[in-house]
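Trainee: I would like to learn how to read a fold from its coordinates. Where should one begin?

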Amino acid sequence: MASKTFDTLGALGLYVETPLHCGAEGGTGYVDLPVQRERHTHYPVVPGSTIKGVLRDELQPALQDEGLRAVFGADGTKDEKATVPGTVSFGDGILVAFPIRSSGAPFHWVTCPFVLERVFRALGKEVTVPRPTEGHACAREEGEVLLEEIRLAKEPAPDFFADPAVAPECGLALLLGLLPAANLGFAYTRSIFGDRLLIVRDADFKELVETGTEVITRIKLNALGTTATLEEEKHADLSDYDRQGNMFVEEVVPPEALFLASLRGCDGPWRPKLVEALNGRPVIRLGGDETIGRGITHLTFVGRAL
């Protein structure tokens, strides 16, 4: 029973177009609203519950109520008290490639051997991942690059960075499969991805990801245009919201970050309908701050043979 429940259906490539804030409960430092991170790696993560909830709303027109019930499950109702479990497991969105400001280009995407192993395992592919040594990064060509404050020498890894047209199973080709298609406005992004992708050491990646998230100071003004919270006795004519002012610090994942989320589930009549619906929903919105444009994300479904 368990093996059927967790048959691999495929994966979702999640390419972030605008800053993403999937918030944690609270911060311990100067950041009031940090992003969620994996406990053991400290990499930013998109919770599977967030992905499931967003897709449930987005896919309703395509799947209709019966399909939603089969795929996502349903809570008990007045007429039918039993809760119906969903038939699809939505994994967390794990980090694949992270944009870091750099020399020689506005930014480079960075990844590391540990991350790539997780990605290719989720895709069901066996790929030999190059392992850079201290002070080096594996890349398409030789050279030097400065990532934030880390200077690295680039070492060519021709097998991993082979031409996708010639080697469709090489590491670069599989990563390109997670990016939005060229006809969706990403032709240039896809053309530069291989040139700007760097495989760094696990330790360097952790440091870059921890320091490379954006930290933004936001302001909530009261009705008088200041950040102070007005006294109720002196401003009884104002609502609680209009009296409140605040200044807070929020952390976001920068645009151009790439995530992957695994999909697993039981076989059934819903499967082709779900795949069709995912392929027809190229843009979704994840995380908080919807009204200020956060979390616009391009979704790419990558199927996997059972």
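Mentor: We will go from the whole chain to its core, then to two strands and the cysteines. Keep in mind throughout that this is a predicted model.

Trainee: What are the dimensions of the box that the C-alpha atoms fill, and how many helices and strands are there?

Mentor: Begin with overall extent and secondary structure. Along the principal axes, the C-alpha atoms of the protein chain fill a box of roughly 70 × 55 × 35 Å. The chain holds nine helices and 12 strands. Its accessible surface is about 15800 Å², and carbon and sulfur atoms account for 50% of that.

Trainee: How much of the chain is buried, and what share of the contacts joins residues at least 24 apart?

Mentor: Burial is judged residue by residue, and 46% of the 306 residues count as buried. For contacts, take the pairs at least 6 apart in sequence: 67% of them join residues at least 24 apart.

Trainee: Which residues touch the most other members of the largest nonpolar core?

Mentor: A core is read as a network of buried side chains, and one asks which members have the most neighbours in it. Here the largest nonpolar core has 82 residues, and L12, L55 and F205 touch the most other members. Strand 2, residues 88-101, supplies the largest share of this core, eight residues.

Trainee: Which residues does L12 contact beyond its neighbours in sequence?

Mentor: Setting aside residues within four places in sequence, L12 is in contact with I51, L55, F259, L260, A261, L263, L278, L299, T300 and F301.

Trainee: With which strands does strand 2 pair, and in which sense?

Mentor: Pairing is read from the bridges between strands. Strand 2 runs antiparallel to strand 10, residues 258-265, and seven bridges join them. Within that pairing, L95 has F259 as its bridge partner; F259 is also among the contacts of L12. Strand 2 also pairs with strand 3, residues 107-111, in the antiparallel sense over four bridges, and R101 is partnered there by F107. As for burial, 11 of the 14 residues of strand 2 are buried.

Trainee: What lies between strand 2 and strand 3 in their hairpin?

Mentor: In a hairpin, check the length of the connection and its backbone angles. Five residues lie between these strands, and G104 takes a positive phi near 85°.

Trainee: Why is strand 3 described as largely enclosed?

Mentor: Five of the five residues of strand 3 are buried, so the rest of the structure largely encloses it. Look at both faces: F107, W109 and T111 point one way, H108 and V110 point the other way, and all are buried. Strand 3 also runs parallel to strand 7, residues 197-199, through three bridges. In that pairing T111 stands opposite I199.

Trainee: How many disulfides are there?

Mentor: A disulfide is a covalent bond between the sulfur atoms of two cysteines. In this structure the count is zero. C112 is in no disulfide, and its nearest cysteine sulfur, that of C138, is 11 Å away. C138 is likewise in no disulfide, with the sulfur of C112 as its nearest.

Trainee: Are C112 and C138 buried or exposed?

Mentor: Compare the relative accessible area with the cut-off, since buried means under 20%. C112 has 0% relative accessibility and so counts as buried. C138, at 5%, is buried.

Conventions: Residues are numbered from 1 along each chain as its sequence is written. This is a predicted model: local features need pLDDT of at least 70, side-chain atom pairs count only at pLDDT 80 or more; totals for chains, interfaces and linings use all residues. Side-chain values use heavy atoms; hydrogens and water are left out. A nonpolar core is a set of buried Ala, Val, Leu, Ile, Met, Phe, Trp, Tyr and Cys residues joined through side-chain atoms within 4.5 Å. Buried means under 20% relative accessible area, exposed over 50%, partly exposed in between (1.4 Å probe, protein chains only). Helices (H or I, at least four residues) and strands (E, at least two) are DSSP runs, numbered from the N terminus. Contact means heavy atoms within 4.5 Å. Two strands pair if DSSP finds at least two bridges between them. A disulfide is a pair of cysteine sulfur atoms within 2.5 Å. Accessible areas come from the Shrake-Rupley method with a 1.4 Å probe; for residues, only the protein chains shown count as cover.
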